[in-house]
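Me: I'm new to this one. Can you walk me through what backs up the labels people put on a structure like this?
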Amino acid sequence: MSNLEKITIRSAVVADLPVMFKLMDDALESSSDDDPTEQRLKRWSTRFYEDSPFIFYVAVTDNKNMIGWCSGRQTLECNRTVGDQTYDCEVGHMFILKQYRHRGIGRELWKVVWNDVLMRFHPKNFIVWSVDKEQTHKFYLSLGGTSIGKKNVEDTVLTAYVWSDLKLYDATTFLIFK
């Protein structure tokens, strides 16, 4: 018999940043930032003020262990245009702890961030720049994204996925099998 484990998705707070950085660095298989931890915390903590254009959600287990996080925002200038089209909003980060992948957690985080972005910013369209890997292609295509271009950032290839039909998702209660 399998045990059910409840996963809660909640708004992130500044105190979550050290674990968020660890999840990001582990997923990228290196530090995503060369700044010392204290400078990194100081720079990122400015994104958590009231009415910030940044939206952060985390997924935590019953015993309060963070297993993933996702962020959304109005599109940064460097990500805004592909070809001759300009995009209003984006998901900037999504990371799930390796042993919790392929269980629907990323999809649930996506839904929460997507809905928050739509309600807060009322975009006409949406973009995600994602690492060029098969599993991310499958993920964003399964969410209805259309691949429209690629770019190189340092030594990484990123693929652009876009959405123009923006509708809110229904909310769900999230349980996974251990």
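Reply: Sure, and keep in mind that this is a predicted model. A search of the whole structure turns up zero disulfides. Take Cys70: the nearest cysteine sulfur belongs to Cys89 and is 13 Å away, so with a disulfide needing sulfurs within 2.5 Å, Cys70 is in none.

Me: What makes Cys70 count as buried or exposed?
Reply: Its relative accessibility is 0%. Buried means under 20%, so Cys70 counts as buried.

Me: And how do you know that Cys78 is too far for a bond?
Reply: The closest cysteine sulfur to that of Cys78 is in Cys89, 14 Å away. The cut-off is 2.5 Å, so that's too far for a bond.

Me: Is Cys78 called buried or exposed, and why?
Reply: Exposed, because its relative accessibility is 59% and the label asks for over 50%.

Me: Now the helices. Where are α3 and α4, and how do their axes cross?
Reply: Helix α3 covers residues 105–121 and helix α4 covers residues 134–142. Their axes come within 11 Å and cross at roughly 50 degrees.

Me: Why is α3 called oblique to α4?
Reply: Roughly parallel needs an angle under 35 degrees, and roughly perpendicular runs from 65 to 115. Roughly 50 degrees fits neither, so α3 is oblique to α4. The crossing is right-handed, too.

Me: Which residues meet there?
Reply: From α3 it's Gly106, Arg107 and Trp110, and they meet Phe139, Tyr140 and Ser142 of α4. Sorted by class, this contact has three nonpolar, two polar and one charged residues.

Note on methods:
Residues numbered from 1 in each chain as written. Predicted model: local features only at pLDDT ≥ 70, side-chain atom pairs only at ≥ 80, totals over all residues. Heavy atoms only, no water. Buried < 20%, exposed > 50% of the residue type's maximum accessible area, 1.4 Å probe, protein only. Axes fitted to C-alpha atoms, helices over the stretch in contact; angles between N-to-C directions. Helix = DSSP H or I, 4+ residues; strand = E, 2+ residues; numbered from the N terminus. Parallel < 35°, antiparallel > 145°, perpendicular 65-115°, else oblique. Left-handed = near helix turned anticlockwise from the far one by under 90°. Contact = heavy atoms within 4.5 Å. Nonpolar A, V, L, I, M, F, W, Y, C, P; charged D, E, K, R; others polar.
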